[in-house]
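Got your viewer open? Let's take a short walk, one selection at a time.

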Amino acid sequence: TIAIDAAERMVQIKPNSDSYVTLARSLQSSPNPYRAGKDAPNLKRAERAIRSAFAATKQPTQEMYGLLGSILEDRELFAESKAAFMKAYDMARSQGDSGQIADALRDLVRTSAALPNGAAETDRWFKALNDTGATQWYDWDEQARRLIDRNSYKAAGDAFVMAASKEPDVWSSFCDAATAYALADSLDEELEMARTGIAKGVSKKNSEKSLAAAHAQIARVLNTRG
């Protein structure tokens, strides 16, 4: 509330794009019981503020497009959000900023996935992100979960394996891969990942449930093989 009051005072004193951006950020981040959703009061105000920032300048910045996209995403206006993120992506590419390019691609992956029939486009943006070499374990984890939602279990298992390869400490990704391979009836991969998950997860905090499931998966595969 203090941040919003201060930002509103800034707008009153000097109503330029920078002050409107500050106000939009303050409104977007303010906690309230209607934080998400298109009818959230503070998000509506945040959208008005960022659009005022655009109106106050002849040269919108990448930050402004990214913030507009983020606010629209919070309002669950995914098509409009994706269009704003696309502008941010184009600007990042023109500036050759690899970090901003990767962030913009993550935004495009996420908003494309939220749209009806967006699976193919989501995969294209994810491939573009991977081609930059900037993917982290959490990018692959999120992609794996999207693939599970589409019943693409083998590909999901492969994505979980990639997540584990990016961050060895995330041992549970091996167990997630085993589960995905089980759903795909890829028994060799299920067995390998369940065993790897057990080897990596032994003695880890709160690992008991995942390891129990992995042992059960091994038993199931071995039973099918006599």
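**Two helices to visit**

Begin by showing α10 (172-183) and α11 (187-201): both are among the parts that cover the buried residues of α12. Keep in mind that you're looking at a predicted model.

Now select α12 itself, residues 208-224. This helix has 17 residues, and from its first C-alpha to its last it reaches 25 Å, close to the 24 Å expected at 1.5 Å a residue.

Which residues of α12 are buried? Color L211, A214, Q217, I218 and V221 to see them. They cover an arc of only 115° around the axis, so they sit on the same side of α12. Spin to the other side of α12 and pick out E208, K209 and N223, which are exposed. Then step just past the end of α12 to G226, where phi is positive, about 80°.

Next, jump to α2, residues 17-29. How far apart are its end C-alpha atoms? They are 18 Å apart, and this agrees with the expected span because 13 residues at 1.5 Å a residue should cover 18 Å.

Zoom in on the start of α2 and show the side chain of N16: one of its oxygens comes to within 3.2 Å of the backbone nitrogen of D18.

Now color the buried residues of α2: S17, S19, Y20, V21, L23, A24, S26, L27 and Q28. What do they pack against? Bring up α1 (2-13), α3 (41-55) and α4 (62-74), and you'll have the partners of those buried residues on screen.

Conventions
Residues numbered from 1 in each chain as written. Predicted model: local features only at pLDDT ≥ 70, side-chain atom pairs only at ≥ 80, totals over all residues. Heavy atoms only, no water. Helix = DSSP H or I, 4+ residues; strand = E, 2+ residues; numbered from the N terminus. Expected span 1.5 Å × (residues − 1). Buried < 20%, exposed > 50% of the residue type's maximum accessible area, 1.4 Å probe, protein only. Contact = heavy atoms within 4.5 Å. Polar contact = N/O pair within 3.5 Å; in protein donor to acceptor, adjacent residues only side chain to side chain. Arc of directions from axis to C-beta.
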